[in-house]
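Work through the exercises below with the structure open. Try each task before reading its solution.

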Amino acid sequence: MTSGNSHQRSPILRVYAALVFAFIYLPITVLILYSFNRDGVGGFPPRHFTLDWYRQLFSDAAIWESVVNSLIVAAASVALSLTLGLFAALALDRASFPGKALFRRLVLLPLILPGIITGLSLLMFAVFAAMQLSLLTVFLGHGTALISVATTELFAGLQKLDRAQEEASLDLGATPWQTFWRITLPNLKLSLIAAGLLIFTLSMDEIAVTFFLIGRDNTLPLEIWGRLRRGITPEINAISTLIFAVSVALIVIWYRLRARIGTQAQELLERP
Amino acid sequence: MYSRAYKTIISIPPLLWVCLFLLLPYALMFAHSFWLVRDGFLVHQWNLQNYRALFTNPLYFQVFLRTARIAASVTLCSLLLGYPLAYYLSFHAGPRKELLYQLVIVPLWVSYLVRGYAWKTILGSDGVLNGFLQYLHITHEPVSFFLYSPFAVVLMLTHIYTPFVFLPIYASLEHIPRPLLEASQDLGADRRTTFLRVILPLSIPGLVAGATFAFVLSLGDFLAPLLVGGPSATMIANIVQSLFGAAYDWPLGAAISVCILLITVSLLFTTERLEKRWAFK
């Protein structure tokens, strides 16, 4: 008898898995490689190594302006969706009210709905409320759509929380307010940081919702999008390489944090 | 243990926000779909004209069919790539399992645009793939049909959704109690039989969840056709996007959006029930 299947050899499966990994990582590898290619984004093999495209990128004011816009939107979205997501997670965990199941589905809907639906419905709302399209509407879109991510992450964190501590605090005469600030919130610290990192990354990269809510000032992805229409240069490879590097760094930290919290990463993708 | 006031205070802000910024916008979209545009102005007159146009104009039906075909291809390809990968990681990866798992989920959160752009530089007529083929003397002139075709859209979306499909399948494979496999072997089943009769049926809920993600998200995609698809790969969401832009017919665009929304929600609802029925207890 063998212990499960785990030690059986299967070379074909291994090769297949390696090929799938190659498929997943090949495009990004090519992208990074060609950001150092003097002769442009195409052709083979890349011949002349250069850092010119990065130099060009660092002196490109429009790109950095859009980076600042994206940073502002992302930071504000983190603040908004974490706050509301925390309330929503607490409500789902502890309160009962009519329509709770519906509320849960509604909050999580933007997670699974195509971005165009969320983007367009918010565009109609903005017009209805006579709001000018600007970074503010983009922030409303990101912040609202990403409450879904904050809620799933923080709800998972709440489930791991030791209720006895809160109970003890309340029994010993602390007000619910004190208990919230001194027990609940500190215990959720890691979940909050992890959720914040994820929301930040997703907001920095968001394009489908932003597409419909953007005003005069571009976010970074929309700035890149606009340039793609005008023809491509390795400068876009260079900025993409930087985006990739930053995203990977943030995601790896997020993953480590989640591992420390002890929740499974796949819970996030459990359906609404 | 929590007081009534506490419960009220935590419930009110998210409820209000969700009603104002999710429910109301969806309701507005629904309302728009029953209005119409006359002489370039939105008229708040309730009618079914938009839906009638959707069901009588064959153009919309054609584009919708193409969209469904592309989404189905993406789903199938992502499953063909994602399932074996999940199977390998769950049963054969040994000590490298954790590292490999992280390697699959990292691209999941990396910019859609960056990954789409990468394909554009690879598939273009003076792109990397054409350069490579000419370098090897397989072709002598640039091949132009890689980019700007439904094929390019399927390729790009498969690349993006394979990790999405992988995740729930991997989770369901990880939840299969290993003694079941031993039992199957002890009772004389070979590996193929064990896979077909034990592992596959138990992983169906994950498979369905993954397939739903890939299908639903591809169904509403409009960026991939713009980026790598070209006119021959116009999808239903591109029609919506142009109706909200240059073509200026918000009510018709809203009607199509409502259809996408309804299809998405009913698919989610159906597959959720299926998963529950097939779930391993």
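**Exercise 1. A serine in chain A**

Locate A:Ser70 in its helix, decide whether A:Ser70 is buried or exposed, and list what A:Ser70 touches beyond four places in sequence.

Solution. This is a predicted model.
- Step 1: A:Ser70 sits in helix H3 of chain A, which covers residues 61-94.
- Step 2: Count the neighbours. A:Ser70 has 25 other C-beta atoms within 10 Å. The cut-off for a buried residue is 20 or more. A:Ser70 is therefore buried.
- Step 3: Leave out residues up to four places away in sequence. A:Ser70 then touches A:Met204, A:Thr219 and A:Leu220.
- Step 4: Compare sequence and space. A:Ser70 and A:Leu222 are 152 residues apart in sequence, and their C-alpha atoms are 9.7 Å apart.

**Exercise 2. A leucine in chain A**

Repeat the analysis for A:Leu197: which helix holds this residue, and which residues does A:Leu197 touch beyond four places in sequence?

Solution.
- Step 1: A:Leu197 belongs to helix H10 of chain A, residues 189-205.
- Step 2: Inside 10 Å, A:Leu197 has 22 C-beta neighbours, so A:Leu197 counts as buried.
- Step 3: Beyond four places in sequence, A:Leu197 touches A:Leu250, A:Ile253 and A:Trp254.
- Step 4: Take A:Trp254 from that list. A:Trp254 lies 57 residues from A:Leu197 in sequence, with a C-alpha to C-alpha distance of 6.3 Å.

**Exercise 3. Two chains described**

Describe chain A by its helices and strands, then do so for chain B. Add extent, burial and contact range.

Solution.
- Step 1: Chain A has 13 helices and zero strands. Chain B has twelve helices and two strands.
- Step 2: Place the strands of chain B. Its pattern reads α-β-β-α-α-α-α-α-α-α-α-α-α-α. The two strands thus come right after the opening helix.
- Step 3: Take the extents. The C-alpha trace of chain A spans about 70 × 70 × 30 Å along its principal axes. For chain B the box is roughly 75 × 75 × 35 Å.
- Step 4: Check chain B against a globule. A compact globule of 281 residues would have a radius of gyration near 19 Å, but chain B has 24 Å.
- Step 5: Take burial. In chain A, 45% of the 272 residues count as buried. In chain B, 47% of the 281 residues do.
- Step 6: Take contacts between residues at least 6 apart in sequence. In chain A, 79% of them join residues at least 24 apart. In chain B, 73% do.

**Exercise 4. Where the chains meet**

How many residues of chain B are in contact with chain A, and what kinds of residue are they?

Solution.
- Step 1: 80 residues of chain B contact 72 residues of chain A.
- Step 2: Helix H1 of chain B, residues 4-32, gives the largest share of the chain B side, with 18 residues.
- Step 3: The chain B side divides into 55 nonpolar, 17 polar and eight charged residues.
- Step 4: Pick one helix pair. The axes of H1(A), residues 11-34, and H5(B), residues 112-123, come within 9 Å and cross at roughly 75 degrees. The two helices are therefore roughly perpendicular to each other.
- Step 5: Name the partners. A:Pro27, A:Ile28, A:Val30, A:Leu31 and A:Tyr34 meet B:Arg115, B:Ala118, B:Trp119, B:Thr121 and B:Ile122. Eight of these residues are nonpolar, one is polar and one is charged.

**Exercise 5. A covered helix**

What covers the buried residues of H11(B)?

Solution.
- Step 1: H11(B) runs over residues 236-244, and eight of its nine residues are buried. Among them are B:Ile236, B:Val240 and B:Phe244.
- Step 2: The cover includes helix H5 (115-128) of chain A. From chain B, it includes H3 (58-91), H10 (223-229) and H12 (250-278).

**Exercise 6. Confidence in chain A**

Which residues of chain A have pLDDT under 50 at the start and further along?

Solution.
- Step 1: Chain A has a mean pLDDT of 87, and 93% of its residues reach 70 or more.
- Step 2: Residues 1-7 of chain A stay under 50, with eleven contacts beyond four places in sequence.
- Step 3: Residues 268-272 of chain A also stay under 50, with twelve such contacts.
- Step 4: Where pLDDT is low, predicted coordinates should not be read in detail.

Terms used. Residues numbered from 1 in each chain as written. Chains lettered and ligands numbered in written order. Predicted model: local features only at pLDDT ≥ 70, side-chain atom pairs only at ≥ 80, totals over all residues. Contact = placed C-beta atoms within 7 Å. Helix = DSSP H or I, 4+ residues; strand = E, 2+ residues; numbered from the N terminus. Nonpolar A, V, L, I, M, F, W, Y, C, P; charged D, E, K, R; others polar. Buried ≥ 20, exposed ≤ 12 C-beta atoms within 10 Å, placed from the backbone. Axes fitted to C-alpha atoms, helices over the stretch in contact; angles between N-to-C directions. Parallel < 35°, antiparallel > 145°, perpendicular 65-115°, else oblique. Rg over C-alpha atoms; globule rule 2.2 N^0.38 Å. pLDDT = per-residue confidence, 0-100.
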